[in-house]
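Ready for a bit of practice? Here are some short exercises, each with a solution you can follow step by step.

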Amino acid sequence: MKKVAIVGSGIAGVTIAHTLIESGHAVEMFEIGDDYPFPHRSQFEEQVLFDDDRHQDRLDGARGLVQTGDYRPSLDRQDRAMRVGGSATIWWGFAPRFLPSTFRPKTLHGYGDDWPIGYEDLEPYYARAEARLGVSGTAADNPFAAPRAGPYPLPPFELGYTDRILAEKLKARGLVFHTTPQARTRLAYDGRPACDNYGTCWCCPTGAIYSPAHHLARALATGRLTLHTRAAVTRILTEGDRVRALVYHPGRGKAEVEHAADVIIVAIGGIESTRLLLLSRGPGHPDGIGNAGGRAGRNLTFHAVRRASLHFRDPLFPGRFTPPGMRSDQFVDPPGARKSGGMSVEFNDQTAERHRPDFAGRTWKSGAEVVEAMRHRLRCREMTFHCESDATDEKYIALSTERDPFGDPFARVHYVQSDFDFETYEVARALLARNAEAVGADAAELDDRGAYWSAGHHMGACRMGRGPDDSVVDSFGEVHGVKNLFLAGAATFVTATPFQPTLTITALALRAADYVRDQRLS
Ligand SMILES: Cc1cc2nc3c(=O)[nH]c(=O)nc-3n(C[C@H](O)[C@H](O)[C@H](O)COP(=O)(O)OP(=O)(O)OC[C@H]3O[C@@H](n4cnc5c(N)ncnc54)[C@H](O)[C@@H]3O)c2cc1C
């Protein structure tokens, strides 16, 4: 039997591993982080009930990176989780599909590049991805939704009472809001319980929010998956035009291990996947694997999530439902030539973070005093503008001069907002004013234009395309010029659409798994 190695136990790696294992193959998986118990009950108790972040994870300091440019949040701390399950152990589960137009931005809008695949190639895989993640949703209330061959596997989370009132007011002003597709169980599904609405999707104690640990446990139960934790993969080795082995480090003070494999799939997130290719220099690829055309690390895009808060005279009692409330896809694909990006608009069932009372160094006399300090939050609602960005020469991943404990350079992520991003910010500002007026808010504030968050979406640095001159991988994720070496995850995206990426990551991973099974393992 051919040997398959998968690097990374996030949603992309687990999707491919589980699919191959279902068809009878055996897989060895390498994960830099520690095990992370599932369902995340103990983490919920520590992080939510006791505000204790002890589940932070690292392999003897091997984790880290260098950040330059104008991106303020920590890419290492706020943007990713390095542990079994990866970042989908802390995600919120928004699971929209891309639109057909998403794949043709150059043809339709004269910017970026077209993808080498279209929506029709992915539609069946979107359906499989939704079934796998247990997505609750409906397209019936969303006139902007992508066409679909069948219904969602689970009914939607309906709009809450206040959302319905706000949605009516918005609709009267031509602003269409609808339910949000979520990888959160509206009903019990596939061994997962129905959501109990704890309100902390980023740390779900029951497993209602999808975690890769769900399918990882099933794959492990077959006995055909071997999971190596605390194993930092540091190199990919080739022989001629094909992959031969990976090298991993089992920890400080221990010797590196070479592990031979016929097929290797690298699924370690947008930043580390790029770093691993750049570190893997060798005969025939002096600048790193897949980098013959100098494309590895280029074409990087983040989403720019802009946060706003609305203030109302009367209380709206937010926070009674989990964060994904209603959203609007009306502005994701503005027609015509583009000087600014599209955006999805979310009306979260939360108050904005900035309205939290400052607890630091304060002594409270009673619980009633805390409640009083928080009372004004009942009249606030948060909106987020989930904005598309463009790729420029000021957005890239390279190797830094700082090194990890094994002596390897960390990734350096350089990111500076572009004119396109600032134009998009202005569109968001105008849209906020329209929304605020429509719902009768007394005031509305948008974060300053320098304050943006990627939402952990690091896309495009090893994009798919036609060949080494424009890209790093083909549409199945196979690295140009290196047979049997695949990349999975948002690194392979061509452009940053305003949609959250993980359903598409999963759909692409399922497509790659079928290809590997049929073309490389048969
Ligand atoms: C707070 C937050 C909220 C989010 N909410 C949403 C949402 O609502 N909807 C959505 O679509 N997306 C969301 N995302 C993004 C989503 O979590 C990611 O797109 C997704 O988890 C990426 O999966 P992945 O498997 O590609 O990579 P990852 O989850 O990054 O997994 C990669 C794995 O590889 C491991 N690894 C790294 N380097 C090495 C190495 N050298 N050797 C071995 N192992 C290594 C890591 O430890 C990790 O476990 C959110 C992200 C964050 C941070």
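Before we start, a word on naming: helices (at least four residues) and strands (at least two) are DSSP runs, numbered from the N terminus. Also keep in mind that this is a predicted model.

**Exercise 1. Find the cavities and work out what lines the largest one.**

Step 1: Search the whole structure, and you get 5 cavities of 30 Å³ or more.

Step 2: Pick out the largest, with a volume of about 140 Å³. It is lined by 16 residues, and the closest to its centre are Asn-142, Ala-145, Tyr-152, Pro-181 and Asp-329.

Step 3: Sort that lining by class. You end up with 9 nonpolar, 3 polar and 4 charged residues.

**Exercise 2. Do the same for the second largest cavity, then zoom in on Ser-101.**

Step 1: The volume here is about 100 Å³. Among the 14 lining residues, Ser-101, Thr-102, Asp-333, Arg-338 and Glu-388 are the closest to the centre.

Step 2: The classes split into 6 nonpolar, 5 polar and 3 charged residues.

Step 3: Now place Ser-101 along the chain. Look in the loop between β3 (66-69) and α3 (105-109).

Step 4: Is Ser-101 buried or exposed? Buried means under 20% relative accessible area. Ser-101 has 16% relative accessibility, so Ser-101 counts as buried.

Step 5: Check the neighbours. Skipping residues up to four places away in sequence, Ser-101 touches Leu-108 and Asp-333. You've met Asp-333 already, as one of the residues closest to the centre of this cavity.

**Exercise 3. Describe the surroundings of Tyr-210.**

Step 1: Start with the position. Tyr-210 sits in the loop between α5 (161-172) and α6 (213-221).

Step 2: Its relative accessible area is 0%, so Tyr-210 is buried.

Step 3: List the contacts, leaving aside neighbours within four places in sequence. They are Ile-11, Ala-88, Trp-91, Arg-132, Leu-133, Ala-183, Arg-192 and His-215.

Step 4: Take a look at two of these partners. Trp-91 is 119 residues apart from Tyr-210 along the chain, yet their C-alpha atoms are separated by 8.9 Å. With His-215, the side chain of Tyr-210 makes a polar contact of 2.7 Å.

**Exercise 4. Which residues come nearest to the ligand, and which atoms pair up with it?**

Step 1: There are 36 residues around the ligand, and the nearest are Glu-31, Arg-83, Ser-87, Phe-94 and Thr-502.

Step 2: Go for backbone atoms next. Ser-87 has a backbone N or O atom 2.8 Å from an oxygen atom of the ligand. For Pro-501, a backbone N or O atom lies 3.4 Å from an oxygen atom of the ligand.

Step 3: Then try side chains. Thr-502 places a polar side-chain atom 2.8 Å from a nitrogen atom of the ligand.

**Exercise 5. Track down some special backbone angles.**

Step 1: Check omega. From Phe-38 to Pro-39 the peptide bond is cis, with omega near -10°. Pro-39 belongs to the loop between β2 (27-30) and α2 (41-49).

Step 2: Hunt for positive phi in residues other than glycine. Ala-455 is one of them, with phi near 60°, and you'll find Ala-455 in the loop between β16 (443-446) and β17 (458-459).

Step 3: Asn-484 also has a positive phi, near 75°. Its place is the loop between β17 and β18 (485-487).

Step 4: Finish with accessibility. At 5%, Asn-484 is under the 20% cut-off, so Asn-484 counts as buried.

Technical notes
Residues are numbered from 1 along each chain as its sequence is written. This is a predicted model: local features need pLDDT of at least 70, side-chain atom pairs count only at pLDDT 80 or more; totals for chains, interfaces and linings use all residues. Side-chain values use heavy atoms; hydrogens and water are left out. On a 1 Å grid over the protein atoms alone, a cavity is a set of points where a 1.4 Å probe fits but cannot get out, and a pocket is an open set with protein on both sides within 12 Å along at least five of seven lines; lining residues have an atom within 4 Å of a point. Grid points are joined across faces, edges and corners, and a volume is the space filled by probe spheres set on the points. Ala, Val, Leu, Ile, Met, Phe, Trp, Tyr, Cys and Pro count as nonpolar, Asp, Glu, Lys and Arg as charged, and the others, Gly among them, as polar. Buried means under 20% relative accessible area, exposed over 50%, partly exposed in between (1.4 Å probe, protein chains only). Contact means heavy atoms within 4.5 Å. A residue is near a molecule or strand if one of its heavy atoms lies within 4 Å of it. A polar contact is a pair of N or O atoms within 3.5 Å; within protein, one must be able to donate a hydrogen and the other to accept it, and residues adjacent in sequence count only if both atoms are side-chain atoms.
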